[in-house]
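Me: Could you walk me through this one? I'd like to go question by question.

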Amino acid sequence: MRLLLVEDDRLLAEGLASQLEKAGFSVDVTRTAKEATTLGAQEDYKASVLDLGLPDGNGLDVLRKWRTNKVTFPVLILTARGDWQDKVNGLKAGADDYLAKPFQTEELIARLNAIMRRKEGRVHSSVKAGRFELDENRQCLKVDDGTEYSLTGTEFRLLRCLMGRPGHIFSKEQLMEQLYNLNESPNENIIEAYIRRLRKLIGPETIATRRGQGYLFNDAL
Ligand code: CA
């Protein structure tokens, strides 16, 4: 799950990015309104955390531009404590939620997962497909026979993507986009390595290969 973090406070951004990565996101960080506007329109993000006070402009203008350009990923804005006007303006401009600084990272992650669930039309904090259930809060995979596996960040992100749309074929490029941020440029073979690892856990047929096209999660087994 790709996420765009727009925050000009370097310390806050670095700390937050590493926590978000632990929670299963692959994060791009930018500190300017200009770059945020471009990245949001170009890349396939699942959500964004948007600070309002940026060195070259206001986060609200970024949000308005995104929404005008049909960028629909859910956005959580970061506001100054007690500034109710910011919250109202943010929601009016198309934000899905807000959080006042300072905040607990745990709350931020819970809110992000909640707005992404709403966007996908889900009520529960888990993704179910076939005999399997992916628990977002604990980053683990449950099988219907009671077995539970804890997953690494990358394994979780990969399964989250595949199980989110069972039967849909994802190309290697699409999977890479959701797994890695712009600064990482791993070889595409790494996807194959992770698929092999996941197949050891959930059975070789559960993730099917479509030669020349990509992979799909088979929920009919
Ligand atoms: Ca700021």
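Reply: Sure. Contact here means heavy atoms within 4.5 Å. This is a predicted model, where local features need pLDDT of at least 70, side-chain atom pairs count only at pLDDT 80 or more, and totals for chains, interfaces and linings use all residues. Residues are numbered from 1 along each chain as its sequence is written, and side-chain values use heavy atoms, with hydrogens and water left out.

Me: Which residues is Asp86 in contact with, leaving aside its neighbours within four places in sequence?

Reply: Asp86 belongs to helix α4 (residues 84-92); helices are DSSP runs of H or I with at least four residues, strands are E runs of at least two, both numbered from the N terminus. With those sequence neighbours set aside, the contacts are Leu52, Ile77, Thr79 and Ala80.

Me: And which side chain of opposite charge is nearest to Asp86?

Reply: Lys and Arg count as positive, Asp and Glu as negative, with His and the chain ends not counted. Asp86 is buried (under 20% relative accessible area, 1.4 Å probe, protein chains only). It has no salt bridge, meaning a Lys or Arg side-chain nitrogen within 4 Å of an Asp or Glu carboxyl oxygen. The nearest candidate, 8.7 Å away, is Arg64.

Me: Which strands stand at the edges of the open sheet, and why is one side of each left without a neighbour?

Reply: The order is β8-β9-β10-β11, with antiparallel pairing; strands pair if DSSP finds at least two bridges between them. Each edge strand has a single partner, so one side lacks a neighbour in the sheet: they are β8 (126-129) and β11 (148-150).

Notes: Buried < 20%, exposed > 50% of the residue type's maximum accessible area, 1.4 Å probe, protein only.
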